[in-house]
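I opened the model today to look up how its strands pair, where its backbone turns and what its core holds. My entries follow in the order in which I looked things up.

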Amino acid sequence: MPRAECPVCEASIRLTKDEATYGSRVTCPECGASLEVVEEEPLTLEEVAEDWGSAKDY
Ligand SMILES: [Zn+2]
């Protein structure tokens with residue numbers, strides 16, 4: 001199982017094969033951050049700045 005490090009809390013996150021692909025979105029189980037796979041080799045996650053509440057109100 002591929003692993004990646006959360007850029008926010010540095011937790012080691014286990015990803016499924018489906019999740020470990022470029023552009024895939026995952027949520028950190030430790031801090032709840034929205035993360036996106038920006039690199040497959042090595043597997044690298046980046047935080048996605050997303051406002052689930054008030055955004056897209058147009
Ligand atoms: Zn985290």
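I began with leucine 35, which stands opposite glutamate 47 in β5. The model is a predicted one, in which local features need pLDDT of at least 70 and side-chain atom pairs count only at pLDDT 80 or more, while totals for chains, interfaces and linings use all residues. I number residues from 1 along each chain as its sequence is written.

Entry on β4 and β5. I found five bridges joining β4 to β5, and the two strands run antiparallel. One bridge partner I noted is glutamate 46 in β5, which pairs with glutamate 36. The link between β4 and β5 is a hairpin through two residues. For these entries I take two strands as paired if DSSP finds at least two bridges between them. Strands are DSSP runs of E with at least two residues, helices are runs of H or I with at least four, and both are numbered from the N terminus.

Entry on the loop between β4 and β5. Proline 42 has its place in this loop, and the peptide bond that leads from glutamate 41 to proline 42 is cis, with omega near 0 degrees.

Entry on β3 and β4. Three bridges join β3 to β4 (residues 34–40), again in an antiparallel run. Arginine 25 has glutamate 36 as its bridge partner in β4, and threonine 27 stands opposite serine 34 in that strand. The hairpin of β3 and β4 has six residues between the strands, and glycine 32 in the turn has a positive phi of about 80 degrees.

Entry on the sheet as a whole. I read the order as β3-β4-β5, three strands in an open sheet with antiparallel pairing. The edge strands, each paired on one side only, are β3 (25–27) and β5 (43–47). On average, neighbouring strands here are turned by 40 degrees against each other, direction ignored; the axes are lines fitted to C-alpha atoms, and angles run from 0 to 180 degrees between N-to-C directions. For the chain I counted zero helices and five strands.

Entry on glutamate 10. Is this residue, in the loop between β1 (3–5) and β2 (12–14), buried or exposed? Glutamate 10 counts as exposed because it has 10 C-beta neighbours inside 10 Å. The cut-offs are 20 or more other C-beta atoms within 10 Å for buried, 12 or fewer for exposed and partly exposed in between, with C-beta atoms placed from the backbone. Although not a glycine, glutamate 10 has a positive phi of about 65 degrees. Most residues other than glycine have a negative phi.

Entry on the core. Buried residues make up 14% of the 58 residues in the chain. The largest nonpolar core (buried Ala, Val, Leu, Ile, Met, Phe, Trp, Tyr and Cys residues joined through C-beta atoms within 7 Å) has eight residues, among them Val26, Leu35 and Leu45. Leaving aside neighbours within four places in sequence, I found valine 26 in contact (C-beta atoms, placed from the backbone, within 7 Å) with Ile13, Leu15, Glu19 and Leu35.

Methods. Two residues are in contact if their C-beta atoms, placed from the backbone, lie within 7 Å.
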